[in-house]
Amino acid sequence: MNLGHEDEQREFKKSTSELKEGVASIAAILNKHGSGELYFGVRKDGEVCGQDVSESTLREISQAIGNHIEPSIYPSVTHEKTPDGKDYVKVAFEGASAPYSCGGKYRIRVADEDVLMRPEELRAQFREAENRINPWDGRVSDKAIADVDEETLRKFIERGRKKGRIPFEFTDAKDALERLGLLAGDNLLNAAVVLFCPSRYTGLKMGILASHARTDILDLKQEAGVFFDLVDKAEWFIITNTRNRVDTFTAGASPVYSEIPRDALREALMNAFAHRDWQTIDAVVVDIYNDAVEVLSPGWFIEGQDPESHLSGENKSSITRNPLISRTLYRSGDIEAFGTGIKRIKDLCDEASIEVEYVRAPSGTNLIFHRNDAFGQSLTVDTPTNGNGDVGVNVGVNVGVNKLPPITSRQKQVLDIIMRDPSITASDIAAECGITERSVQRIVRKLKELGVISREGSDKTGRWLVRGQ
């Protein structure tokens, strides 16, 4: 019996003679993913080799976990048996109190290895642990009411009144902030500083790059300012530097369609700022390539939040790093509940045949919009103005295209790999593309639905069949 491959959430040990190493893997997996599985009596290749299992074996494993992992966790330790009678142990565990140490050392899972956490990673995890108890955005700042941009606050109240979520009119800043629950005496809470005060540092960096090597920069901008101004500037930068499609067959004025759906883009940018880690001075980064638009937000998803499950609609949890910022933005209608916004981005992008995914980056969360072949793949450069007098670079403007192609650029990349090696596995495709295995499975499922590929044989020993080959 084979249990598959080791990965970032699953570890195999031949026997409990490797109990010490297995417990260390539990802590490392918890620090990366918050849950996982450990097996004893299983070889590295996933084949169950078996081992003697008794009540004392299970007790020894439970005691080792309890004695060496801090904070404490309470795993499920069970005696399992294969159809042909081989005994093995399954340890299922989860925890939401990272960072976890094993024997006083803090490790994190990288592929199928456990590596010591870097000091900055450990500091970030301790900061996140404090934020779970006392969220940063609800703490009192050193800013006063006089630091607020009143016009931004006034417009915010107006949007909320139109949405029916704010019942009062703007009279003065103090009254509005008190009613919004953003004041402690005469001091602003951090949420108010983020939303209504001009930033003291660069909050947004935007670039157009000729390749993912990032060596040839075609345009670069840096902006500071109020939260909502930064979102607007990021949106305008992307809209004016990506392609548009004009439906010339429609009667009357020809509708213009943005390459990336405007509502999806706005939601993504608002999320990038609302849910970012505000305790760093890192900026939100927008990068435009000829095959993708990427939005990098400081800070990865918090424990218990998985981007894949949000994209699929499985997870509708609204737990966020910045609950007060999120609740405040909801009142103005600038964002909807965190649990539904990501699924809405995916649904809008699916309609436009734009693949979208979240990828963990060293400094945070990278949301990638894979640009659609319908708008062309060549990189052309001209210098239109953006309406504000600024001159920018526009990547491949295209009009008059009325039919989207059957596959996206990311789907084509996966298809090219399959055509080159029909026996390749999903995990190998993921490694070559630099995406998760679940993303590959989603792409493969879509290619199957489109009738582009099919599978002959099992997942392990079969091969891909490509239509027309």
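**Figure 1. Buried residues and the overall fold.** Buried residues account for 48% of the 469 residues in this protein, which is shown here as a predicted model. Its secondary structure adds up to 14 helices and 23 strands. Look at contacts between residues at least 6 apart in sequence, and 65% of them turn out to join residues at least 24 apart.

**Figure 2. The largest nonpolar core, with Phe227 picked out.** In soluble globular proteins, nonpolar side chains tend to be buried together. Here the largest nonpolar core has 63 residues, and the members touching the most others are Leu153, Phe227, Val286 and Phe369. Take Phe227 as a place to start: leaving aside residues up to four places away in sequence, its contacts are Val194, Leu195, Met270, Phe273, Ala274, Trp278 and Leu329. There's also a second, separate core of 23 residues, with Ala27, Val53, Leu58 and Val91 among its members.

**Figure 3. Helix α7, a largely enclosed helix.** This helix covers residues 227–240, and Phe227 is one of its buried residues. With 14 residues at 1.5 Å a residue, α7 should span 20 Å, and that agrees with its end C-alpha atoms, which sit 20 Å apart. Because 10 of the 14 residues are buried, α7 is largely enclosed by the rest of the structure. Besides Phe227, the buried set takes in Phe228, Leu230, Val231, Ala234, Glu235, Phe237, Ile238, Ile239 and Thr240.

**Figure 4. Where helix α4 packs against helix α10.** Helix α4 runs over residues 150–163 and helix α10 over residues 323–332. The two pack at an angle of about 65 degrees, and their axes are 6 Å apart. On the α4 side you'll find Phe156, Arg159, Gly160 and Lys163, which meet Thr328, Leu329, Arg331 and Ser332 of α10. Sorted by class, this contact has 2 nonpolar, 3 polar and 3 charged residues. Leu329 may ring a bell, as it also touches Phe227.

**Figure 5. Two cysteines and the disulfide search.** A disulfide is a covalent bond between the sulfur atoms of two cysteines. Searching the whole structure turns up 0 disulfides. Cysteine 49 has 28% relative accessibility, so it counts as partly exposed. Cysteine 102, at 10% relative accessibility, counts as buried because the cut-off for buried is under 20%.

**Figure 6. Two cis peptide bonds ending at prolines.** Most residues other than glycine have a negative phi, and most peptide bonds are trans. The bond joining glutamate 70 and proline 71 is cis, with omega at about -5 degrees. You can find proline 71 in the loop between β3 (69–70) and β4 (76–81). Another cis peptide bond runs from alanine 98 to proline 99, and its omega is near 10 degrees. Proline 99 belongs to the loop between β5 (87–94) and β6 (101–102).

**Figure 7. Positive phi at alanine 111 and serine 353.** Neither residue is a glycine, yet alanine 111 has a positive phi near 60 degrees, and serine 353 has a positive phi near 55 degrees. Alanine 111 sits in the loop between β7 (107–110) and β8 (113–116). With a relative accessible area of 43%, alanine 111 is partly exposed. Serine 353 is in the loop between α11 (338–351) and β18 (355–361). The relative accessible area of serine 353 is 23%, so this residue is partly exposed too.

How values were computed
Residues are numbered from 1 along each chain as its sequence is written. This is a predicted model: local features need pLDDT of at least 70, side-chain atom pairs count only at pLDDT 80 or more; totals for chains, interfaces and linings use all residues. Side-chain values use heavy atoms; hydrogens and water are left out. A disulfide is a pair of cysteine sulfur atoms within 2.5 Å. Buried means under 20% relative accessible area, exposed over 50%, partly exposed in between (1.4 Å probe, protein chains only). A nonpolar core is a set of buried Ala, Val, Leu, Ile, Met, Phe, Trp, Tyr and Cys residues joined through side-chain atoms within 4.5 Å. Contact means heavy atoms within 4.5 Å. Helices (H or I, at least four residues) and strands (E, at least two) are DSSP runs, numbered from the N terminus. The expected span of a helix is 1.5 Å times one less than its number of residues. Axes are lines fitted to C-alpha atoms, for helices over the stretch in contact, and angles run from 0 to 180 degrees between N-to-C directions. Ala, Val, Leu, Ile, Met, Phe, Trp, Tyr, Cys and Pro count as nonpolar, Asp, Glu, Lys and Arg as charged, and the others, Gly among them, as polar.
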